[in-house]
Amino acid sequence: MSTPPREGQACESAPLIDILCATWNGAAYLREFVESLQRQTHPHWRLWVRDDGSTDGTVALLEALAAADPRITLLPPDGQRLGAAGSFARLWERAAPDATYLAFADQDDVWLPHKLARSLARLREEEARCAGNTPVLLHTDLAVVDEALRPVAPSFRAYAGLGALEAPLAERVAHNVVTGCTVLANAALRMRSVPIPPDIMHDAWVACVAVAGGRTVHLDEATVAYRQHGANTIGARRNLRPWWPAQWPALWRAFFPWRTRQALVRREVAAVARLAAGLVERLGPALPERDRRRLQAMAAIPTLAFLPRKVAVWHQLRVPSRGWLHHLGLVLRG
């Protein structure tokens, strides 16, 4: 990804933004996504795409889009199937050396026209307040839409009940509030966070590195139409209010079938443990002693016997802004 900018791609007065997109069987939605980039009011961007072995015509479509727009580059196939986490990690690691600002993108979303301009303005405002070379991450809200882009909820943050945006590092490890496709990061954050450890999602990793050694800032407006369909890697899950009778059937489904939900929660706990271990390994000496000990305890949870594991989940993974029901579910099934 060290290819220099092509003629006409950048302008001295407007920063260039490198957009990293991992694709896999996304032909149904990819053209709409790219067209939303082409409608951006900040036109100075480069799109770098790594395909993860699509079989549905995604590569042919990307080749056609790249031929029509010199800002788009499809990386040569490397023959590896890395999954979403590995594919974004590869893009983050191999981003252009001259990249000043970087964004993540999902193949199936639609970006609102002001996304890049508004995000860049807010991030640069925050940079001006910081010491030089401070890692800064900006993220925004999203508008939840269905497969046909019909509105579902105007705010993903409210819809999913994400809780507090500002929290200590351990709480951010236990519960990520940063959605990757809304992220804009500066070069200092990329240098501090590369490479992303194996099997850790890119958004959680860069967000936690920013919390640990830099700044995170939230732009409280939707900049992405967050499409929900049957093939989402993660997707939007609606927050439940147990005291609201209309939600009781959904609450029941959240807990049962028990074994299926237990497997899901244990995968989430294991992901938190990997993230905590990765942060200790990468940032350990720079972390305050209290944070380092807490992350070490979180990293050890999957290795513990039944009762010690329950106690550790109770003490280490509590996120107050998520409420008692969320925490009870973690303890019972984790």
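**In which loop, between which two helices, is Pro195 found?**

Before the solution, some ground rules. This is a predicted model, where local features need pLDDT of at least 70 and side-chain atom pairs count only at pLDDT 80 or more, while totals for chains, interfaces and linings use all residues. Residues are numbered from 1 along each chain as its sequence is written, and side-chain values use heavy atoms, with hydrogens and water left out.

*Solution.* Start with the elements: helices (H or I, at least four residues) and strands (E, at least two) are DSSP runs, numbered from the N terminus. Pro195 sits in the loop between helix 7 (187–193) and helix 8 (202–213). Now look at the bond before Pro195: the peptide bond from Val194 is cis, with omega near -5°.

**Sketch the chain as a whole: how many helices and strands are there, and what share of the residues is buried?**

*Solution.* Count the elements and you get 13 helices and 9 strands. Next comes burial, with buried meaning under 20% relative accessible area, exposed over 50% and partly exposed in between (1.4 Å probe, protein chains only). Of the 334 residues in the chain, 52% are buried. Then turn to contacts (heavy atoms within 4.5 Å). Take those between residues at least 6 apart in sequence: 76% of them join residues at least 24 apart.

**Work out the two sides of helix 2: which residues are buried, and which are exposed on the other side?**

*Solution.* List the buried residues of helix 2 (residues 58–68): Thr58, Leu61, Leu62, Leu65 and Ala66. They span an arc of only 135° around the axis, which puts them on the same side of the helix; the arc is that of the directions from the helix axis to the C-beta atoms. Here's the rule of thumb behind this: an α-helix has 3.6 residues a turn, so residues three or four places apart point the same way. Flip to the other side of helix 2 and you find Ala67 and Ala68 exposed. What do the buried residues of helix 2 pack against? Strand 1 (17–23), helix 1 (27–38), strand 2 (45–51) and strand 3 (72–74).

Now zoom in on Thr58, at 0% relative accessibility. Leaving aside neighbours within four places in sequence, Thr58 touches Thr23, Asn25, Gly26, Ala27, Leu30 and Asp51.

**Do the same for helix 11: which residues are buried?**

*Solution.* In helix 11 (residues 289–299), Arg292, Leu295 and Met298 are buried. Looking down the axis, these buried residues fall within an arc of 125°, so they line one face of helix 11. Over on the other side, Arg290 and Arg293 are exposed.

**Find the largest cavity: which residues line it?**

*Solution.* A cavity is a set of points on a 1 Å grid over the protein atoms alone where a 1.4 Å probe fits but cannot get out, and lining residues have an atom within 4 Å of a point. Points are joined across faces, edges and corners, and a volume is the space filled by probe spheres set on the points. The structure has 3 cavities of 30 Å³ or more, and the largest cavity holds about 50 Å³. Its lining is His139, Thr140, Asp141, Leu142, Phe156, Arg157, Leu162, Leu165, Val177, Thr179 and His218. Strand 6 (136–145) and helix 5 (156–160) are the elements that give two or more residues to this lining, with strand 6 giving the most, 4 residues.

Then sort the lining by class: 5 nonpolar, 4 polar and 2 charged residues. For this sort, Ala, Val, Leu, Ile, Met, Phe, Trp, Tyr, Cys and Pro count as nonpolar, Asp, Glu, Lys and Arg as charged, and the others, Gly among them, as polar.

**Compare the loops of Asn133 and Leu149: where does each lie?**

*Solution.* Asn133 lies in the loop between helix 4 and strand 6. Phi of Asn133 is near 65°, a positive value in a residue other than glycine, and Asn133 is exposed at 65% relative accessible area. Leu149 belongs to the loop between strand 6 and strand 7 (151–153). Leu149 isn't a glycine either, yet phi is positive, about 70°; Leu149 is partly exposed, at 29%.

**Finish with Leu112: which residues does it touch, not counting residues up to four places away in sequence?**

*Solution.* Place Leu112 in the loop between strand 5 (110–111) and helix 4 (115–129). Leu112 is partly exposed, with 27% relative accessible area. With that sequence filter on, the partners of Leu112 are Gln40, Ala222, Thr223 and Val224. As for Arg39, it is 73 residues from Leu112 in sequence and 8.2 Å away in space, C-alpha to C-alpha.

Key. On a 1 Å grid over the protein atoms alone, a cavity is a set of points where a 1.4 Å probe fits but cannot get out, and a pocket is an open set with protein on both sides within 12 Å along at least five of seven lines; lining residues have an atom within 4 Å of a point.
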